[in-house]
Structure formats: C-alpha cells, structure tokens
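Me: I'd like a close look at one part of this protein, with the residues spelled out so I can follow along on screen. Could you walk me through it?

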Amino acid sequence: MPAAPLPPLPTSIVGSLPQPDWLIDRDRLAHQFPPRVRAAELWRIPPELLAGAQDDATLLAIRSQEEAGLDVVTDGEIRRESYSNHFATALSGVDVDQPGSILNRSGKPIPVPRVVGDIGRPAPVQADDVRFLRAHTDRTVKMTVPGPFTMAQQAQDEHYRDGRALALAYADVVRAEIADLFAAGADVVQIDEPWLQARPEVAREYGAEAVTRAVEGAPGPVHLHLCFGYAAMVSERPEGYSFLPELADTPVDTVAVETAQSHLDPATLRPLRGKGIALGVLDLSTPEVETPEVVADRVRRALDDVDVDRLVLTSDCGLKYLPRESAAGKMRSLALAAEILRAEL
C-alpha cells in the first residue's frame with residue numbers, strides 16, 4: 001500500500017512499543033538491563049510458534065499507532081528482545097554463545113557479543129519486517145536499526161583491537177542494511193545511537209565519522225535517535241547533550257532528541273538548524289498520560305529554535321517498558337497535541 005502524504009508536524013514514536021505479556025515475560029524484561037546478546041528465555045511462546053505470535057503482536061502494535069492517530073508508524077520492535085541485540089547478534093564475526101563483557105551505561109557489567117572476526121552481514125536482517133509493516137498499513141513507515149557507534153561500544157573487541165576500525169566495520173553493515181530496508185518499502189530508516197551521548201569523549205574521536213559512513217548515499221531519509229537511555233533503566237537525566245552539535249555535518253536527515261523528562265533547553269538545538277528535529281515530548285518516566293495541552297506546551301517552547309517545517313513530534317525514547325494502556329494514551333495525546341499546534345500555525 002502506498003504511504004499517505006504527511007501533514008505538518010507529523011507524529012511518530014521513537015520505535016518500540018510494549019510487547020503483550022502473553023508474548024514475552026514483561027516482568028522479567030523489566031528487571032534486567034536491555035540484553036546485548038540473545039535472550040530467548042524471555043519469550044513465552046514455543047520456538048516453533050514464535051514467529052506467528054510475533055506477527056500477531058506486530059499487527060496489534062500497528063493498529064494501536066493508527067488508532068492513536070500517529071502519522072508515521074513502526075513495527076513496535078515487537079520481534080526484538082532489545083533495540084540492538086536483534087540486529088547485532090545476526091551478524092557474522094561475533095560470538096554470542098561465548099559472550100564478552102563490558103560496563104553498561106549504569107556502570108554494571110553485562111554480557112555482550114564478542115568480536116572474533118571481520119564484521120559481516122550474511123543476509124538482510126530486517127527487510128522482511130519492513131515488508132510485513134508495509135503490507136499492513138497505508139501510512140508512512142519507519143524501521144529502526146542500531147547505529148554503528150553504539151554497536152561497537154556494546155561489544156568486546158578481540159579482532160580489530162581498534163575502536164575506530166570496529167565502528168567503521170559496523171558502519172559498513174548498517175549502510176548495507178539501510179539500503180535493503182528502503183528497497184523493502186521503508187519510507188524512513190532510523191539509526192539508534194544512544195552511546196554517542198553515553199561515551200562522548202570516544203564519540204568525538206570517530207562517532208560522526210562512523211555515522212557518516214553508515215548513512216552517506218542512503219536512498220531515503222535517515223533519522224538518528226540520540227537519548228539518555230530508557231527511563232525505566234536510567235532515571236538520572238543530565239541537563240543537556242554532551243554530543244549533539246557534532247551531528248550537524250553528518251548526512252542524517254533528522255536528529256531525534258528527548259526533551260520531556262530531561263527538560264532540555266531548546267536553544268541546545270540551534271546548531272542543528274538546517275536539519276530536521278524529531279522532538280521527544282512524551283515523558284516515559286511515568287505511566288501517567290499527559291494531556292494534549294501539556295504535550296503541546298513542550299513543543300511550543302522549542303518552536304523558536306528549530307525549523308518548524310522540518311519538525312517531527314515524537315516520544316523521548318521507546319515506549320517498550322510502559323503499560324500498554326499508558327503507551328496508547330500517550331500516543332493519543334501526542335496526536336491531539338499536533339492537531340492543536342497545526343491549528344495555531
């Protein structure tokens with residue numbers, strides 16, 4: 001089905017939605033850090049029935065976004081245990097059965113893929129996911145993929161033994177995946193790069209280079225999501241981004257930032273004028289559903305500092321850890337806030 005034209009101030013979520021409790025053990029999911037290696041134990045469905053169950057739950061995720069009134073829909077990342085491990089563990093050159101270990105954003109050791117050879121992509125990882133999404137909605141569709149810098153930071157490197165070389169190797173497979181996602185029907189591809197913020201000193205050495213290598217020449221618009229981590233996992237928010245102006249010279253079309261929970265000063269966004277901004281205006285630290293007027297106010301405070309004609313309204317981060325009814329309510333408030341603002345503008 002062809003995508004419908006987008007209105008001004010289009011609305012979308014960053015990517016993930018809550019998976020049904022009949023599909024995944026949500027309590028167990030919520031009491032561990034997002035997995036970097038496979039976590040098959042989280043699924044409640046037998047392996048031989050899992051793909052069909054994930055299809056059914058993905059249809060629910062698509063419909064929930066449509067019913068809320070969102071303009072751009074994702075697959076809810078329903079088939080993933082985390083935003084990054086689904087893609088990262090599908091690559092060659094990594095050992096996920098005998099993982100390595102790193103400290104995560106909270107300073108806790110977690111198992112991660114161990115890089116033991118050249119990073120490769122034996123086949124497209126998420127192209128079928130895009131085809132499924134495209135076949136079941138007439139709205140603009142977005143598919144997310146973890147970014148090269150973030151995956152490099154979420155791995156134990158025993159092969160390249162050089163952070164830049166590892167990040168650029170990941171950039172090459174992300175670049176190939178982006179091309180296949182557009183070919184499969186994606187209207188927008190988003191790369192998730194939260195570790196640009198988490199490791200700014202390293203990011204300044206080669207983060208923008210890795211992003212540029214992954215995105216340059218993409219056959220459609222690529223968004224880059226930069227956040228402070230899932231609110232359910234990382235409660236403390238800094239006052240501003242430690243890595244943001246560096247993205248101005250990269251070929252990403254739009255930068256997705258969070259502003260609701262962090263109360264980000266919108267003047268911070270001025271160095272990115274000329275790029276689209278996906279403004280996170282849903283606070284995911286609480287299941288309480290904001291009113292459309294509260295959401296609209298969060299947008300209004302940024303209007304002087306962004307290019308309004310390239311502004312997207314979105315969530316701070318993924319909605320994965322919220323109760324399903326809260327996610328539905330927040331998405332509806334986002335859509336209604338956009339209607340309020342369109343009437344004003």
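Which are the buried residues of helix H4 (residues 127–135)? Once you have covered those, please carry on to helix H10 and the loop before it.

Reply: Happy to! Please keep in mind that this is a predicted model.

Let's start with your helix. In H4, the buried residues are Ala127, Asp129, Val130, Phe132, Leu133 and Arg134. They pack against several elements: H2, strand S1 (72–73), helix H3 (85–88), strand S4 (140–146) and helix H6 (163–183).

Two of those partners, S1 and H3, are joined by a loop that holds Ser82. Ser82 has a relative accessible area of 2%, so it counts as buried. Setting aside residues up to four places away in sequence, Ser82 touches Pro34, Pro35 and Lys320.

Another partner of H4, helix H2, leads us on to H10. The axes of H2 (residues 47–68) and H10 come within 8 Å and cross at roughly 35°, and the crossing is right-handed. On the H2 side, Leu60, Ser64, Gln65, Glu67 and Ala68 take part, and they meet Arg324, Ala328, Met331, Arg332 and Ala335 of H10. Sorted by class, this contact of H2 with H10 has 5 nonpolar, 2 polar and 3 charged residues.

Now for a lysine in H10 itself. Lys330 sits in this helix, which spans residues 324–344. Lys330 is buried because its relative accessibility is 0%. Its side chain has polar partners: one of its polar atoms lies 2.7 Å from the backbone oxygen of Asp283, and a polar contact of 2.9 Å joins the side chain of Lys330 to that of Glu290. Beyond four places in sequence, Lys330 touches Leu282, Asp283, Leu284, Thr286, Pro287, Glu288, Val289, Glu290 and Leu322.

Next, the loop before H10, which follows strand S10 (311–314) and includes Pro323. Leu319 is found in the loop between S10 and H10 too. With a relative accessible area of 0%, Leu319 is buried. Leaving out residues up to four places away, its contacts are Ile13, Ser16, Leu17, Pro18, Leu284, Ala327 and Met331. Met331 also belongs to the H10 group that meets H2, and Leu284 is also among the residues that Lys330 touches. The C-alpha atoms of Leu319 and Val289 are 12 Å apart, with these positions 30 residues apart along the chain.

Pro323 counts as partly exposed, because its relative accessibility is 33%. Outside its neighbours within four places in sequence, Pro323 is in contact with Pro18, Arg26 and Pro287. Pro18 is thus named again, having appeared among the contacts of Leu319, while Pro287 is one of the residues touched by Lys330. From Pro323 to Thr286, 37 residues apart along the chain, the C-alpha separation is 9.9 Å.

Finally, a word on the cysteines. The structure holds 0 disulfides. Cys227 is in no disulfide, and its nearest cysteine sulfur, 3.7 Å away, is that of Cys317. Likewise, Cys317 is in no disulfide, with the sulfur of Cys227 as the nearest cysteine sulfur. The cut-off for a disulfide is 2.5 Å between the sulfur atoms. Cys227 counts as buried because its relative accessibility is 3%, and Cys317, at 7%, counts as buried as well.

Conventions: Residues numbered from 1 in each chain as written. Predicted model: local features only at pLDDT ≥ 70, side-chain atom pairs only at ≥ 80, totals over all residues. Heavy atoms only, no water. Helix = DSSP H or I, 4+ residues; strand = E, 2+ residues; numbered from the N terminus. Buried < 20%, exposed > 50% of the residue type's maximum accessible area, 1.4 Å probe, protein only. Polar contact = N/O pair within 3.5 Å; in protein donor to acceptor, adjacent residues only side chain to side chain. Contact = heavy atoms within 4.5 Å. Axes fitted to C-alpha atoms, helices over the stretch in contact; angles between N-to-C directions. Left-handed = near helix turned anticlockwise from the far one by under 90°. Nonpolar A, V, L, I, M, F, W, Y, C, P; charged D, E, K, R; others polar.
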